[in-house]
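Trainee: Please take me through the ligand site in close detail. I would like the contacts and then the pockets.

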Amino acid sequence: MPSDLLCDNTTKLLERVKRCAQKSQFHNSDILVLAVSKTRSAEEVRAAHGCGLTDFGENYLQEALEKIAALEDLPLNWHFIGPIQSNKTRAIAEHFSWVHSVDRAKIARRLDAQRPAHLPPLNVCLQVNISGEESKSGVHVDALPELVNAVVALPRLRLRGLMAIPAATPDTNAQRETFSRMRSLFNALRDSAPGMDTLSMGMSDDMEAAIAEGATIVRIGTAIFGPRAT
Ligand SMILES: *Cc1c(COP(=O)(O)O)cnc(C)c1O
């Protein structure tokens, strides 16, 4: 995609986020737009940075590491947002500043142990299987409090909040109902984790509902970069 179109998309998106935030009861004036750059080239990410974007989300480790290396000259924040296998934790701990997809204690303990001493603690969101789908990643709601307690105790992780990828539905009321349950969970857990300040929810097709219910990070791919090839 030509970079003028990319910047046009970005400007429109940022304006839409701002309008949604003003309409929402949460009036959150600093929602972070996380540009989801999976399948996009390093040059596309460079162009997106030129449009003012600073935070990029990646799902596939190998692909991400190549882009991170190619773009070392830029001050970018890299967020890992994909499913995490145990054998991937070291590279994630070494190369990312955020991980949104932690869903079990074993992975959290490995990230904590492998986070290099010269880097600040790794920012972590716990992925919640909020729609209760069998096949989906994410911690079950019932197991969430225990996972929060485990992660809070790990010194090289900084628990920032919760993340969800709800079952897709075009019904905006259903979207809002799901995001509202995320907000309630988040509020209920803040006694055990007072440092939590992040609700990572909302993608290109449901960001309005997510912001209406208090999202602080929206993860946006298609609305910035256009449709993915695959
Ligand atoms: C791909 C992806 C997104 C972005 O999806 P779009 O619909 O392209 O905005 C957000 N979050 C996660 C976890 C993803 O895998």
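Mentor: A polar backbone atom of Gly 221 sits 2.8 Å from an oxygen atom of the ligand. Keep in mind that this is a predicted model. Side chains contribute too. Lys 38 places a side-chain N or O atom 2.7 Å from a ligand oxygen. Asn 59 has a polar side-chain atom 2.7 Å from an oxygen atom of the ligand. The ligand taken alone exposes 390 Å², and the protein buries 90% of that area.

Now the shell. Val 36, Lys 38, Asn 59 and Ile 81 belong to the residues around the ligand. So do Ile 165, Met 203 and Ser 204. The run Arg 219, Ile 220, Gly 221 and Thr 222 is also there, and Arg 228 completes the list. By class, this shell holds 5 nonpolar, 4 polar and 3 charged residues. Lys 38, Arg 219 and Arg 228 are the charged ones.

Next, the space itself. The ligand occupies the largest pocket. That pocket has a volume of about 650 Å³. Its lining counts 30 residues, and those closest to the pocket centre are Lys 38, Ile 165, Met 203, Arg 219 and Arg 228. Each of these five also appears in the shell around the ligand. Two elements, β5 (122–128) and α7 (172–189), each supply at least two residues of the lining of the largest pocket. The lining of the largest pocket divides into 12 nonpolar, 11 polar and 7 charged residues.

There is a second pocket to set beside it. The second largest pocket holds about 290 Å³ of space. Its lining has 17 residues, with Leu 76, Asn 77, Trp 78, His 95 and Ser 97 closest to the centre. β3 (77–80) and α4 (89–95) each give at least two residues to the lining of the second largest pocket. By class, that lining has 10 nonpolar, 4 polar and 3 charged residues.

Back to the ligand for a last look. Lys 38 combines two roles: its side chain has an N or O atom 2.7 Å from a ligand oxygen, and Lys 38 is among the residues closest to the centre of the largest pocket.

Note on methods
Residues numbered from 1 in each chain as written. Predicted model: local features only at pLDDT ≥ 70, side-chain atom pairs only at ≥ 80, totals over all residues. Heavy atoms only, no water. Near = heavy atom within 4 Å. Polar contact = N/O pair within 3.5 Å; in protein donor to acceptor, adjacent residues only side chain to side chain. Areas by Shrake-Rupley, 256 points an atom, 1.4 Å probe, with all protein chains shown as cover. 1 Å grid on protein atoms, 1.4 Å probe; cavity = no way out; pocket = protein on both sides within 12 Å on 5 of 7 lines; lining within 4 Å. Sits in = over half its atoms within 2 Å of the grid points. Points joined across faces, edges and corners; volume = space filled by probe spheres on them. Helix = DSSP H or I, 4+ residues; strand = E, 2+ residues; numbered from the N terminus.
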